[in-house]
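Biologist: I have a new model open and many terms to sort out. Could we go through them together?

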Amino acid sequence: METQQEKEILRGGQFIVKETKCEDVFTPEDFNEEQKMMRDSVKEFNDREIIPHKDRFEAKDYALTEEVMRKAGEMGFLSVSVPEAYGGMGMSFVSTMIVCEYISSGTGSFSTAFGAHTGIGTMPITLYGTEEQKKKYVPKLASGEWFGAYALTEPGAGSDANSGKTTATLSEDGKSYKINGQKMWISNAGFCSLFIVFARIENDKNITGFIVEQDPSNGITLGEEENKLGIHASSTRQVFFNDTVVPVENMLAGRGEGFKIAMNALNIGRIKLAAACLDSQRRITTTAVEYANERKQFNTRISDFGAIKRKLAEMATSTYAGESASYRAAKNIEDRIAMRQAAGNSHQEAELKGVEEYAIECSILKVAVSEDLQNCADEGIQIFGGMGFSKDTPMEAAWRDARIARIYEGTNEINRMLSVGMLVKKAMKGHVDLLGPAQAVADELLGIPSFDTPDYSELFAEEKEMIAKLKKVFLMVAGAAVQKFGPDLEGHQQLLLAASDILIEIYMAESTILRAEKNAKRFGEKDQEIQIAMAKLYLYNAVSIVEKNGKESIISFAEGDEQRMLLMGLRRFVKYTNYPDIVDLRNTIAEKVKAENKYNL
Ligand SMILES: Cc1cc2nc3c(=O)[nH]c(=O)nc-3n(C[C@H](O)[C@H](O)[C@H](O)COP(=O)(O)OP(=O)(O)OC[C@H]3O[C@@H](n4cnc5c(N)ncnc54)[C@H](O)[C@@H]3O)c2cc1C
């Protein structure tokens, strides 16, 4: 049951039909003193324990990853999201995002080990474990005495995670299960002390989760370390279970509940993965501008060339956008958890429901930030020219390490389709009213457009109007597609991908504008000149993406008069009254980044 308080904050996915006020979004500028201290302490740890050893991580020094994980445990960083009752710090959701963000930028190897342990390796127990399970395992995981791994994927079951063939068979005395099967791509497998294993009991429709202690004498064997493109020192191995005996007390939640556990653990993993990409983007931008300010060609610093300025501006802008959207969603989750707790839910229930509510935003962030990181690293290589292609400079490893973020925690294709699919489901359940607003857009298309001269004197007045119009594009396209295909929409994947890109761009652009607006109101427009420019640049790019995807969608499912009407609507909704001077915006942003010689926005 939804509480009264919960009704007052935007539900997950509701951003697409409702306006958000800038005062209602949380931004990185809102970090409190404790959060800033935590951030600085994690940064210092990263600078001391990880960055200086990048060569060793690249040389596949798996032992180093384990050693640094232990040190992170000593510092308490593995326990931030674990409740105090089980030896953790019980920090807020936003604080746990901060730790995840700043600990992850040194190397993808450590970032993956950290994420796999603290997220999918520990959270299933804190969120679904019984009191006994939590007491027995969580304190060890929180301190770093033990490390966790998450064994879901199998050779034949990747994206289709519920199709695994690993079995769990109850013993005759009913006291234990025997697990048999093969898991693949298991992060931390080489040094973990326990696995969260998903297996099927008899012919159950859904898999079941188990806590399985690592014990080679109990039928657990490991494959060799995988030879990977990136994240070289992250341990990734196959795990074979051969008559592995697991006491019945180690079943997580209930029989057949494993798929739900797996999906909810991934929701948290997705938003944390976005956080884990952010500081990497920042470091890549900083490294790129440092090089561009040094490197001369044609007797000119390359950072003075328009082509390089364009790249620096886009890199900084996507980083700023990623920060804006990630912390907006993180605070929504945190608030929802707090409200649920205030209404009497246990921490466990509150956290589960809080994150589940914003699963759409988690998928959006996972896709957007992982792709922005990849683009950033790619442009970083380009700025370094030939040197960018050399293993002796940092861009090469950053680019390779970034690549995995688009694959794990659900591929970006799966997350794109999920984001729209979940939104449509929420609409069907009546949690988000898409139908009413979609009908209003359809009516508007039949009406005569207003020719009034709008008043754009207030900061972001036109941009906010653009956001409202982009939302209409989504409602127009999604509404018409749902009407046309009904439940068969699921089979029209290219349409779903296009709709998802529209949804993603709207969330990212709106979050960026709201952050810049909030900060301009409190720190002044002059102070926020660059941030305002970034918000405008991000929106302009978003409008182009929305236009492209909107057009593609409409042409794919509408014909004749309907197609003409929808395309006309699209043109109306992506049209600025006053187009921003994008070259000027990029130059302004780039000059700031150049002058600071780092990303400092
Ligand atoms: C380095 C690394 C670490 C990992 N760590 C872990 C871990 O710790 N624990 C764990 O359980 N797993 C882990 N994984 C597995 C990872 O989650 C899977 O690789 C991922 O979910 C994709 O599954 P797959 O590789 O089988 O690809 P597939 O599912 O075969 O997908 C291949 C392609 O087909 C697309 N595709 C698949 N299904 C559909 C569909 N229905 N519609 C449209 N397109 C589709 C995908 O998007 C992708 O582009 C890891 C993987 C790697 C590479």
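Modeller: Here we go through the ligand, the empty spaces and a few single residues, with the terms explained on the way.

Modeller: First, this is a predicted model, so local features need pLDDT of at least 70, side-chain atom pairs count only at pLDDT 80 or more, and totals for chains, interfaces and linings use all residues. Residues are numbered from 1 along each chain as its sequence is written, and side-chain values use heavy atoms, with hydrogens and water left out.

Biologist: What makes a residue one of the 18 around the ligand?

Modeller: One of its heavy atoms must lie within 4 Å of the ligand. Of those 18, the nearest are Tyr150, Thr153, Ser159, Trp185 and Thr411.

Biologist: Why is the pair between the ligand and Thr153 called a polar contact?

Modeller: A polar contact is a pair of N or O atoms within 3.5 Å; within protein, one must be able to donate a hydrogen and the other to accept it, and residues adjacent in sequence count only if both atoms are side-chain atoms. A nitrogen atom of the ligand is 2.7 Å from an N or O atom in the Thr153 side chain, so the pair fits that definition. With Glu413, an oxygen atom of the ligand is 2.7 Å from a side-chain N or O atom.

Biologist: How much of the ligand does the protein bury?

Modeller: The protein buries 67% of the 960 Å² that the ligand exposes when taken alone. Such areas come from the Shrake-Rupley method with a 1.4 Å probe; for residues, only the protein chains shown count as cover.

Biologist: How do you know that there are two cavities of 30 Å³ or more?

Modeller: Rolling a probe the size of a water molecule over the atoms shows where empty space is left. On a 1 Å grid over the protein atoms alone, a cavity is a set of points where a 1.4 Å probe fits but cannot get out, and lining residues have an atom within 4 Å of a point. The search of the whole structure finds two of them. The largest holds about 50 Å³ of space, while the second largest has a volume of about 30 Å³. Each volume is the space filled by probe spheres set on grid points, which are joined across faces, edges and corners.

Biologist: What makes the lining of the largest cavity count as nonpolar?

Modeller: Ala, Val, Leu, Ile, Met, Phe, Trp, Tyr, Cys and Pro count as nonpolar, Asp, Glu, Lys and Arg as charged, and the others, Gly among them, as polar. The lining has eight nonpolar, no polar and no charged residues. Among them are Val420, Leu489 and Ala499. In the second largest cavity, the lining divides into five nonpolar, two polar and four charged residues.

Biologist: Why is Asn162 called buried?

Modeller: Buried means under 20% relative accessible area, exposed over 50%, partly exposed in between (1.4 Å probe, protein chains only). Asn162 has 15%, so it is buried. Asn162 sits in the loop between strand 1 (148-151) and strand 2 (167-170). A polar atom of the Asn162 side chain lies 3.1 Å from the backbone nitrogen of Ile207.

Biologist: And Ile308, buried or exposed?

Modeller: Its relative accessibility is 11%, so Ile308 counts as buried too. Ile308 lies in helix 10. Helices (H or I, at least four residues) and strands (E, at least two) are DSSP runs, numbered from the N terminus.

Notes:
On a 1 Å grid over the protein atoms alone, a cavity is a set of points where a 1.4 Å probe fits but cannot get out, and a pocket is an open set with protein on both sides within 12 Å along at least five of seven lines; lining residues have an atom within 4 Å of a point.
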